[in-house]
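The exercises below are meant to be worked with the sequence and the coordinates side by side. Each one sets a task and then goes through a solution in steps.

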Number of protein chains: 2
Amino acid sequence: MAGKAELDRILEALDATDTLDGLQQIIDQVCTVFGVDHAMYHWVDSAGDHYYFGTYPQTWVERYQEKAYVRVDPVVAGCYQRFHPVDWKRLDWSPKPAREFLKDALEHGVGNQGYSIPIRGPNGQFAVFTVSHNCDDEAWERLTERYSRDMILMAHYFNRKALEFEPERTPEQAQPLSPREVDALTFLAIGYSRAQVAKTLSISEHTLRVYIESARFKLGAINTTHAIARAMSLGLIVI
Amino acid sequence: MAGKAELDRILEALDATDTLDGLQQIIDQVCTVFGVDHAMYHWVDSAGDHYYFGTYPQTWVERYQEKAYVRVDPVVAGCYQRFHPVDWKRLDWSPKPAREFLKDALEHGVGNQGYSIPIRGPNGQFAVFTVSHNCDDEAWERLTERYSRDMILMAHYFNRKALEFEPERTPEQAQPLSPREVDALTFLAIGYSRAQVAKTLSISEHTLRVYIESARFKLGAINTTHAIARAMSLGLIVI
DNA sequence: AGCGTACTCGCTATTTTGGGGGAGGGGTGC
DNA sequence: GCACCCCTCCCCCAAAATAGCGAGTACGCT
């Protein structure tokens, strides 16, 4: 059973680690200490790219990527929309692809219970920290209630290390946008036409165009839609 | 001095609260228990909109909004780019507006020391949890080292309540898009024109248009750019 | 005082999107 | 069996965005 001392030891080990192997060892320890079958950190990247470590069977991890399950996985979708940790039971497993995904997961050794914590970093970074286990609902509830705070902290610390180890994944520091550029992109992102935005900002449409072009340039975007997408994933604008 | 029991009490009180007054009382307690002058939760919104509670003097809070200091505040800017908690000393206070802001803050009773934790939620939500105090560097370092984990958890729990109290700020349940719609929006979001997307997906441009229109309809979007923005903030597509 | 950057305005031509129709085949769930 | 949704294809025309020129003011930093 894990008390404060065990948690402290894990977090301190996490702070001190500077290799991926070290992370892997610590996540193994997490399973032992907290008495669960699996623990997994999974950084969900833009183009179906992944960064992860944990105790899921290699066969499952490969299959997950091969089948592009990230597009189906209700855990990822559910975490993306929430701030709270998520018990897998509370997700929507009704769509057929989700049910097939679950069946496949169980066959590959993933536990029937799971608890996942969304983690968000700068520039739109998004990751999930999951613990999974095979047990009945009651035992699972006791476990999640008891350790939910510890898991939040562990998720936080694992993400620190992931960010530290993968600096190149942190999207290049975008050139900051000027306030007017932010205004322009923000209104465009909520569907205003250029004419409407210009009117809203009380500037000529031409001036507005200059902002949009300048923002496009700074963001390395080839059209407005692209600029909006990049600005959003970099966290430069919020809708 | 705050031990595990005090933290637990605060977090449990947080879980149980369902009024803004309750939050205010708890954040007052946080100051007492952790021995700091101020604690503040501040949800930073894109449009300069704010949601906050804490112990900063009302005069300062008003001045902050009146002067639109959120655009200047190095704490907000620094937290926005980081995942780690931030000690104010490590921020860049060199720009003239920042220096003036700091001077103004000190005059309004904000502490000379501060420690701020970035918090990110779904839909680009961003908030900062700050504790501030008047003391020398050494005492401050002892305090932040000792309580940094506690503060991460408190930040998390305060944000939970903020999200709970402000449901209209959180996204409605996403309407699922078909795979082709997701494909279409995804390629549009990385800057492809309709012609390019159609070619990439090996379908006619007309077909593609049907997907885009259908996606627009499902998302309640009035044009493609809007649809991309909504799909991204709902987590339906990832760039 | 000079440099860079943000902000503001104008024109014309071309390319891309949006809105309005319609039509058929295939899979899933009730 | 029959909806219902998904995928695929086609027309025309109006509206909007992009691309190419250029020019002036104001502010802060060095």
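Helices (H or I, at least four residues) and strands (E, at least two) are taken as DSSP runs and numbered from the N terminus. The model is predicted, so local features need pLDDT of at least 70 and side-chain atom pairs count only at pLDDT 80 or more, while totals for chains, interfaces and linings use all residues. Residues are numbered from 1 along each chain as its sequence is written, chains are lettered from A and ligands numbered from 1 in the order in which they are written, and side-chain values use heavy atoms, with hydrogens and water left out.

**Exercise 1. Locate the domains of chain A and two positive phi values.**

Step 1. The domain bounds come from an automatic or database domain assignment, and for chain A this gives domain 1 (4-169) and domain 2 (179-233). The C-alpha centres of domain 1 of chain A and domain 2 of chain A are 37 Å apart.

Step 2. A:S202, a residue other than glycine, has a positive phi near 60°, and it is placed in the loop between α8 (194-201) and α9 of chain A. With buried meaning under 20% relative accessible area, exposed over 50% and partly exposed in between (1.4 Å probe, protein chains only), A:S202 counts as exposed at 64%.

Step 3. A:A68, also not a glycine, has a positive phi near 55° and belongs to the loop between α3 (58-66) and α4 (74-80) of chain A. Its relative accessible area is 37%, so A:A68 is partly exposed.

**Exercise 2. Work out the strand order of the sheet in chain A.**

Step 1. Two strands are taken to pair if DSSP finds at least two bridges between them. On this basis chain A has an open sheet of 5 strands, in the order β2-β1-β5-β4-β3 with antiparallel pairing.

Step 2. At the edges stand β2 (50-54) and β3 (86-87) of chain A, each with a single partner strand, so that one side of each has no neighbour in the sheet.

Step 3. Strand β1 (residues 38-44) of chain A runs antiparallel to strand β5 (residues 126-133) of chain A and is joined to it by 6 bridges; A:Y41 stands opposite A:F129 in β5(A).

**Exercise 3. Describe the surroundings of strand β5 in chain B.**

Step 1. Strand β5 (residues 126-133) of chain B is mostly covered, with 8 of its 8 residues buried. In a regular strand the side chains alternate between the two faces of the sheet. In β5(B), B:F126, B:V128, B:T130 and B:S132 are buried on one side, and B:A127, B:F129, B:V131 and B:H133 are buried on the other.

Step 2. β5(B) runs antiparallel to strand β1 (residues 38-44) of chain B, with 7 bridges between them, and B:H38 is found opposite B:S132.

Step 3. Strand β4 (residues 113-120) of chain B also pairs with β5(B) in the antiparallel sense, over 8 bridges, and B:Q113 has B:H133 as its bridge partner. The hairpin of β4(B) and β5(B) has 5 residues between the strands, and in this hairpin B:N123 takes a positive phi near 65°.

**Exercise 4. Which residues come nearest to DNA strand C, and which make phosphate contacts?**

Step 1. A residue is near a strand if one of its heavy atoms lies within 4 Å of it. Around DNA strand C there are 20 residues, of which A:S178, A:S204, A:H206, A:Y211 and B:R209 come nearest.

Step 2. A polar contact is a pair of N or O atoms within 3.5 Å; within protein, one must be able to donate a hydrogen and the other to accept it, and residues adjacent in sequence count only if both atoms are side-chain atoms. Phosphate oxygens of DNA strand C lie 3.0 Å from a polar side-chain atom of A:R180 and 2.8 Å from a side-chain N or O atom of A:T207.

Step 3. The largest share of the surface near DNA strand C, 6 residues, comes from α9(A).

**Exercise 5. Describe the protein surface near DNA strand D.**

Step 1. Of the 19 residues around DNA strand D, those that come nearest are A:R194, A:R209, A:T224, B:S204 and B:Y211.

Step 2. A backbone N or O atom of B:S204 is 2.6 Å from a phosphate oxygen of DNA strand D, and α9(B) gives the largest share of the surface, 6 residues.
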